[in-house]
Amino acid sequence: MGKSTDNSTPPTLIFIKLAAMTVIWGATFIVGRVLMQSVAPFTAAFWRYAIATLCLLLLTIKQEGRLPPLRSQQVLPLVILGLSGIFAYNAFFFLGLQTTDASRAALIVTTNPTVIALSAALLLKDKLTPFKLIGIFLALTGAAIVISQGNPLAILAQGIGSGDWFLLGCVITWTIYTLMGKQVMKTLSPFAATTYACLIGTPIFFIPALREGLLQSWQTFSVSVWLGILYLALLGTVAAFCWYYEGVKLIGAAKAAVFINLVPVISVILAALLLNEPLTPTLILGGLCVVLGVSLTNR
C-alpha cells in the first residue's frame, strides 16, 4: 500500500479484496484449531504477532513516513489496546480453540458487533435504534443456542465449558479494544494505533511462551505449522487488516461491514469441509440467528 489509496482504484478490485478478507478471516478459526493440536497457545500467539508486528511497522513507515511520536496522554490508551486487543484477545482465541470446534468458536466470537453496540450504548451513550435492539437480541440468543447446543436453560444447570468461556473472553476483550480504539484513532491513524498496540502486546506473550518451551519448540515445527503461523500473521492479521481499512476508506464502513457478517458462514462451511465438523440443527439455527442479528446491528 502507498501513502494513500487514490480514487482511481477500481471498485471491483475493492470488492474482491473484501471478499478475500472474508474468506481469510473465516479460515483463521480453522487454521487456529489445527495449530492448537500441535502448538502451545502462547507460543502460537507470540510467533503470529512477532511476524505481524514487523510487517505492520514497515507498512506504517511506508504509508506515513515514520511511526508517529506519542504524546503522554496517548500512552495509557495504547497500553490498554495492546493488553486487550492483542494479548488478551489472542490468548483467549488460542486457548479456546484447544477444546472448542472452529465453527462453534466462530459463531461465538462473531457476536462482537452486538456486544460492542450494547456496550457503546451503556458507556458512551450511543443511540440504540430498534434494528440494533432486535439485532442484539437475535445475536445473543443465537450464541446461547450454540453454546448450550440448543437448550439455553441448560447453561444455568450445567454451566459453560472452559473453551467457551475463553471465546467469550475474546468478545469482551475485543469490545474493550474497539471502544478504546475509537478514542485513540481520533489522534492516530488505524495503522499507527494498531502497530503501537502490537508493539506493546506482542512482548507480553514472550514470558508465558518461554514457559511453554518457546526456545526449543520452534526448532521442531513442521512446515505445515509454520505455514499456519504465517497464514495467521501475514494474511489473517496484516493483509486482511489492510484490505478492510482500504474498503472502509473507499466504499464506507457500512458497506465494508457487510462482508464481516459473512465470516461465521465461511467458518462453518470450511469447518465442515476441512475438519469434518458436524452441521447440527442447533448450530445452523444458532448461526442463522447470529448472522441475522449481527447484520441488523451493523445497519
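Start by selecting R48 and F93 in this predicted model: R48 lies over the face of F93, 6.0 Å from the ring centre.

Keep F93 selected and add its sequence neighbour, F94. What kind of aromatic pair do F93 and F94 form? Their arrangement is edge-to-face, with 5.1 Å from centre to centre and 80° between the planes. Those two values are worth displaying together, because a pair of aromatic rings is described by the distance of the centres and the angle of the planes. Now switch on a surface: are F93 and F94 buried or exposed? Both F93 and F94 are buried.

Next, widen the selection around these rings. Add F29, Y89, W174 and Y177, and you have one aromatic cluster made up of these residues together with F93 and F94. If you would like to carry on ring-hunting, the model holds 18 aromatic pairs in total.

Time to zoom out and colour by secondary structure. The chain shows 15 helices and zero strands. Along the principal axes, the C-alpha atoms fill a box of roughly 55 × 50 × 40 Å. The radius of gyration is 19 Å, which agrees with the value near 19 Å for a compact globule because the chain has 299 residues.

Now colour by burial: buried residues account for 50% of the 299 residues. Bring the surface back, and you are looking at an accessible area of about 14,000 Å², with 70% of it belonging to carbon and sulfur atoms.

For a last stop, draw the contacts between residues at least 6 apart in sequence. Of these, 89% join residues at least 24 apart.

Note on methods
Residues are numbered from 1 along each chain as its sequence is written. This is a predicted model: local features need pLDDT of at least 70, side-chain atom pairs count only at pLDDT 80 or more; totals for chains, interfaces and linings use all residues. Side-chain values use heavy atoms; hydrogens and water are left out. Rings of Phe, Tyr and Trp (its six-membered ring) pair if their centres lie within 6.5 Å; planes under 30 degrees apart count as stacked, over 60 as edge-to-face and the rest as tilted. Buried means under 20% relative accessible area, exposed over 50%, partly exposed in between (1.4 Å probe, protein chains only). A charge sits over a ring if NZ of Lys or CZ of Arg is within 6 Å of the ring centre and within 35 degrees of the ring normal. Helices (H or I, at least four residues) and strands (E, at least two) are DSSP runs, numbered from the N terminus. The radius of gyration is taken over C-alpha atoms; the globule rule is 2.2 Å times the number of residues to the power 0.38. Contact means heavy atoms within 4.5 Å. Accessible areas come from the Shrake-Rupley method with a 1.4 Å probe; for residues, only the protein chains shown count as cover.
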